[in-house]
Amino acid sequence: MKVSAVGTSSVTLSSLFRFESGSVSLLSKSKSSFGVACSLASSSPAKALRRILDSPGVHQGPACFDALSAKLVENAGFQFCFSSGFSISAASLALPDTGLISYAEMLHQGQLITQSVSIPVIGDADNGYGNAMNLKRTLKGYIAAGFAGIILEDQVSPKACGHTRGRRVVSREEAVMKIKAAVDARRESGSDIVIVARSDARQAVSLEEALVRSRAFADAGADVLFIDALASREEMKAFCDVSPLVPKMANMLEGGGKTPILNPMELQDIGFKIVAYPLSLIGVSIRAMQDSLTAIRGGRIPPPGSMPSFEEIKDILGFNAYYEEEKRYATTTNPQLSKRDSSRNPFSGIWSRTLRVKITGRDGFERLDLRIPAGFLDGITNIVPALGGINIKELLDDATEEVGGKLLLDFQDRMGDRIQVFLE
């Protein structure tokens with residue numbers, strides 16, 4: 001993670017702070033985060049999360065919404081992540097976070113997320129999907145799904161995003177009783193899952209009520225406290241002064257939420273321990289898809305810099321690791337594997353050749369000039385939709401044995417752009 005401050009030299013910053021991916025800590029606290037990272041892989045998800053909570057500094061956790069986004073968070077070097085009910089509802093159902101997504105749907109997506117990564121995941125469990133008895137079942141289900149932590153809130157049903165209008169909460173007595181039920185369910189399960197107690201009373205009632213509830217949640221056994229939609233630095237500081245020995249969670253809702261967006265050092269100074277970034281991944285995904293669809297609709301493809309190459313995509317998804325592991329189980333009676341190994345030989349057949357795709361606009365300016373392995377025909381229409389319906393494989397079969405380059409296609413698309421495909 002790169003952090004910069006206007007008017008402050010990097011030498012001065014580096015002498016005061018240690019910056020790591022997903023965390024910021026004061027050097028004076030001296031405890032090694034490397035030791036934390038090394039021990040995560042050898043412990044249960046809950047123990048790994050508790051170790052993070054016990055380590056110095058403030059720790060950042062982007063919110064994921066599926067297995068791929070969780071894997072990207074882990075690949076980026078973050079020590080943990082959140083699952084976001086807002087984002088899962090959006091990605092899975094294309095519906096708003098207004099209580100429409102069910103416990104079963106959240107649990108299923110959660111299992112896919114936790115199974116895809118080795119870092120601990122804190123799961124969004126809304127209000128427990130019912131009363132205290134429903135909440136106990138929810139917590140036990142989240143434990144079985146592999147979550148390291150669970151966020152439980154005090155909204156009435158149907159609940160909704162805490163930064164939207166019309167928030168309502170259950171009585172203080174019921175809210176505290178549900179946290180006690182969560183603690184009981186954890187004990188009954190023999191688990192150490194981290195219970196994050198969230199209150200939405202700031203917007204529904206008042207700041208004072210939210211602070212009183214947070215103290216009561218801590219007394220009931222919550223491990224982390226969280227008040228959503230705090231409206232100022234002063235409110236954030238007042239919250240962090242409550243039950244000072246219990247870690248506090250901040251929610252940096254991007255793009256216009258009620259809470260001020262502060263950098264990690266500022267949040268640490270106020271007193272927060274963990275920070276959620278709920279909309280970054282789903283937000284940029286939505287905009288990237290919109291931009292890509294606009295390009296495709298106009299007869300273009302997304303600019304090369306806006307998306308990873310096919311090779312990068314395969315590497316992210318584990319194709320190369322899969323092929324290497326597959327070789328361990330190869331047999332002489334497995335013709336499909338032998339065929340794949342042969343086809344992947346960079347010096348055999350079409351795999352030794354390259355396709356060059358060139359697009360020149362009707363204004364004479366070059367729009368695209370890229371090269372891809374000739375064996376990757378399946379994805380070429382994703383790059384250049386105008387090539388859909390053209391049997392490029394047949395053209396390649398005819399030209400495979402030819403030495404040197406050959407022009408396979410040369411035509412104008414409906415936008416008037418010239419598209420050329422060469423075999424090199």
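**Exercise 1. Find the bridge partner of G149 in β7, and describe the strands that flank β7.**

Step 1. In β7, G149 has V194 as its bridge partner. The model used throughout these exercises is predicted.

Step 2. Strand β6 (residues 149-153) and β7 run parallel and are joined by 5 bridges.

Step 3. β7 is also joined to strand β8 (residues 224-227), by 4 bridges and again in parallel. Across this pairing, A197 stands opposite L225 in β8.

Step 4. As background, the strands of a sheet pair through backbone hydrogen bonds, either parallel or antiparallel.

**Exercise 2. Decide how far strand β7 (residues 194-199) is enclosed, and check its two faces.**

Step 1. A residue counts as buried under 20% relative accessible area.

Step 2. By that cut-off, 6 of the 6 residues of β7 are buried, so the strand is largely enclosed by the rest of the structure.

Step 3. On one side of β7 the buried residues are V194, V196 and R198. On the other side they are I195, A197 and S199, and both faces are therefore covered.

**Exercise 3. Work out the strand order of the open sheet that contains β11 and β12, and describe the hairpin.**

Step 1. The open sheet has 4 strands in the order β12-β11-β14-β13, and the pairing is antiparallel.

Step 2. Its edge strands are β12 and β13 (406-412), each of which pairs on one side only. From one strand to the next, the twist averages 10°.

Step 3. Strand β11 (residues 354-360) and strand β12 (residues 366-373) are paired over 7 bridges in the antiparallel sense. T354 has P373 as its bridge partner in β12, and V357 has L370.

Step 4. With 5 residues between them, β11 and β12 form a hairpin. In its turn, G364 has a positive phi of about 90°.

Step 5. A salt bridge also links these two strands: the side chains of D369 and R356 meet at 2.9 Å, N to O. D369 is in strand β12 and R356 in strand β11, 13 residues apart.

Step 6. D369 is partly exposed, with a relative accessible area of 29%, whereas R356 is buried at 18%.

**Exercise 4. Compare the salt bridges made by R187 and R186 in helix α8.**

Step 1. The salt bridge count for the model is 21.

Step 2. R187 pairs with D184, and their closest N and O atoms are 3.1 Å apart. Both residues lie in helix α8 (residues 172-189), 3 residues apart, which is about one turn of the helix.

Step 3. An α-helix has 3.6 residues a turn, so residues three or four places apart point the same way.

Step 4. R187 is exposed, with a relative accessible area of 57%, while D184 is partly exposed at 28%.

Step 5. R186 pairs with D223, with an N to O distance of 2.5 Å. R186 lies in α8 and D223 in the loop between α10 (207-220) and β8, so this pair ties together parts that are 37 residues apart in sequence.

Step 6. R186 is buried, with a relative accessible area of 11%, and D223 also counts as buried, at 16%.

Step 7. R186 and D223 belong to one network with R50 and D192, joined by salt bridges that share partners.

**Exercise 5. Identify the residues and helices that make the nonpolar surface patch.**

Step 1. The patch covers about 670 Å² and is made by L68, L72, M307, F310, I313, I316, L317 and F319.

Step 2. Two elements give two or more residues to the patch: α4 (67-75) and α14 (310-317).

Step 3. α14 gives the most, with 4 residues.

Step 4. I316 is found in helix α14. I316 is partly exposed, with a relative accessible area of 31%.

**Exercise 6. Check the span of helix α13 (residues 280-297), and find the residue with positive phi that follows.**

Step 1. α13 has 18 residues, and from its first C-alpha to its last it reaches 26 Å.

Step 2. At 1.5 Å a residue, the expected span is 26 Å, and the helix comes close to this value.

Step 3. G299 follows α13 and has a positive phi, near 80°.

Terms used:
Residues numbered from 1 in each chain as written. Predicted model: local features only at pLDDT ≥ 70, side-chain atom pairs only at ≥ 80, totals over all residues. Heavy atoms only, no water. Patch = residues over 30% accessible without salt bridge, like charges linked within 9 Å, V, L, I, M, F, W, Y side chains within 5 Å. Areas by Shrake-Rupley, 256 points an atom, 1.4 Å probe, with all protein chains shown as cover. Salt bridge = Lys/Arg side-chain N within 4 Å of Asp/Glu carboxyl O. Buried < 20%, exposed > 50% of the residue type's maximum accessible area, 1.4 Å probe, protein only. Pairing = 2+ DSSP bridges. Expected span 1.5 Å × (residues − 1). Axes fitted to C-alpha atoms, helices over the stretch in contact; angles between N-to-C directions.
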